[in-house]
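Morning, everyone. I have one structure to walk through today. Please have a look at the screen.

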Amino acid sequence: MDVFLTARMKPAADFYAIFDPARVGELTADGRSLVMMALGNKDLASRYEVSNDLLDRGCPLGGPGADGATVLHVLFGQVKHDVAADALLARRLIERGADVNALDDARRLPFLEVLAMKYTDEDLAPIYDLWFEQPDPDFTTESIHGLSPVKAAAKLPFRAAILARMQHHLASRP
């Protein structure tokens with residue numbers, strides 16, 4: 001198995017068994033980086049260990065995947081999460097240039113993935129806080145299906161706190 005698929009599908013030990021640090025900057029044929037692949041790993045411990053190590057080594061974020069998903073879409077689009085670890089990793093990705101307002105091919109913002117996570121608003125507060133630290137987080141761009149973060153939160157009764165926060169943010173903008 002190649003190093004990219006190993007980063008995405010195998011435990012960290014398997015990745016390090018074949019990883020050559022000299023290849024940290026390589027990209028797949030469609031422009032995805034090793035860190036993007038590691039962010040898709042279903043094993044939480046491996047996802048965080050390998051992704052953080054690759055960032056420590058200067059791995060580029062790479063371009064979006066075939067469906068336009070960016071590193072933030074991939075990170076938050078997973079089923080299992082450690083919210084605190086996600087928040088720290090997302091902060092690192094943003095500091096390295098990941099765009100919180102990037103649209104995938106279906107015009108979905110990464111924050112839609114956050115809102116779909118199976119956690120309470122209270123649990124997700126560290127990720128929400130990170131978004132509100134950004135200069136101009138976009139909560140209104142609609143996907144091709146007509147869903148924006150504000151509209152998505154309005155449809156979900158358990159997203160009342162973040163809905164109010166987004167509405168307040170939008171109302172306070174010039």
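I will start with the overall fold, then go through salt bridges, a surface patch and three single residues.

First, a caution: this is a predicted model.

So, what secondary structure does the chain have? It has ten helices and zero strands. Read along the sequence, the pattern is α-α-α-α-α-α-α-α-α-α.

Now the overall dimensions. The C-alpha trace spans about 50 × 30 × 25 Å along its principal axes. The radius of gyration is 16 Å. A compact globule with 174 residues would be near 16 Å, so the chain agrees with that expectation. Buried residues account for 48% of the 174 residues. Next, contacts. Take those with a separation of 6 or more: 69% of them join residues 24 or more positions apart. The accessible surface comes to about 8,400 Å². Carbon and sulfur atoms hold 56% of that surface.

On to charges. How many salt bridges does the structure hold? The count is ten. I will show three of them.

Start with Arg-92 and Asp-56. Their closest N and O atoms are 2.6 Å apart. This pair links distant parts of the chain: Arg-92 sits in helix H6, residues 83-95, and Asp-56 in helix H4, residues 44-56. The two are 36 residues apart. Is Asp-56 buried or exposed? Asp-56 counts as exposed, because its relative accessibility is 57% and the cut-off for exposed is over 50%. Arg-92 has a relative accessible area of 24%, so Arg-92 is partly exposed.

The next pair is Arg-108 and Asp-104. Here the closest N and O atoms are 2.7 Å apart. Asp-104 is buried, with a relative accessible area of 5%. Its partner Arg-108 counts as partly exposed, at 31%. So this salt bridge joins a buried acid to a partly exposed base.

The third pair is Arg-32 with Asp-30. The closest N and O atoms are 3.0 Å apart. Both residues are partly exposed: Arg-32 at 23% relative accessibility, Asp-30 at 35%.

Now the surface. Which residues form a nonpolar patch? They are Met-1, Leu-5 and Met-9. Together they offer about 320 Å² of accessible area. Met-1 lies in the segment before helix H1, which covers 3-9. Met-1 is exposed, because its relative accessible area is 57%.

Next, three single residues.

First, Met-117. Where is it? Met-117 lies in the loop between helix H7, residues 110-116, and H8. Buried or exposed? With a relative accessible area of 4%, Met-117 is under the 20% cut-off, so it counts as buried. What does Met-117 touch, leaving out residues up to four places away in sequence? The list is Phe-76, His-81, Val-83, Asp-86, Leu-124, Ile-127 and Arg-159. Take His-81 from that list. Met-117 and His-81 are 36 residues apart along the chain, and their C-alpha atoms are separated by 8.4 Å.

Second, Thr-141. This residue is in the loop between helix H8, 121-132, and helix H9, 149-155. Thr-141 has a relative accessible area of 18%, so it falls under the 20% cut-off and is buried. Its side chain makes a polar contact with the side chain of Asp-138, at 2.3 Å. Setting aside neighbours within four places in sequence, Thr-141 is in contact with Leu-103, Arg-107, Leu-109, Leu-147, Ser-148 and Pro-149.

Third, Glu-49. This one is in helix H4, the helix that also carries Asp-56. At 44% relative accessibility, Glu-49 counts as partly exposed. What is Glu-49 in contact with, beyond its neighbours within four places in sequence? The answer is Ala-12 and Tyr-16. Compare Glu-49 with Leu-75: they are 26 residues apart in sequence, and 13 Å apart in space, C-alpha to C-alpha.

To recap. We have a predicted model with ten helices and zero strands. It holds ten salt bridges, and one of them ties helix H6 to helix H4. Met-1, Leu-5 and Met-9 make a nonpolar surface patch. Met-117 is buried in its loop, and Thr-141 is buried too. Glu-49 is partly exposed.

That is the tour. Thanks for listening.

Note on methods
Residues numbered from 1 in each chain as written. Predicted model: local features only at pLDDT ≥ 70, side-chain atom pairs only at ≥ 80, totals over all residues. Heavy atoms only, no water. Patch = residues over 30% accessible without salt bridge, like charges linked within 9 Å, V, L, I, M, F, W, Y side chains within 5 Å. Areas by Shrake-Rupley, 256 points an atom, 1.4 Å probe, with all protein chains shown as cover. Salt bridge = Lys/Arg side-chain N within 4 Å of Asp/Glu carboxyl O. Helix = DSSP H or I, 4+ residues; strand = E, 2+ residues; numbered from the N terminus. Buried < 20%, exposed > 50% of the residue type's maximum accessible area, 1.4 Å probe, protein only. Rg over C-alpha atoms; globule rule 2.2 N^0.38 Å. Contact = heavy atoms within 4.5 Å. Polar contact = N/O pair within 3.5 Å; in protein donor to acceptor, adjacent residues only side chain to side chain.
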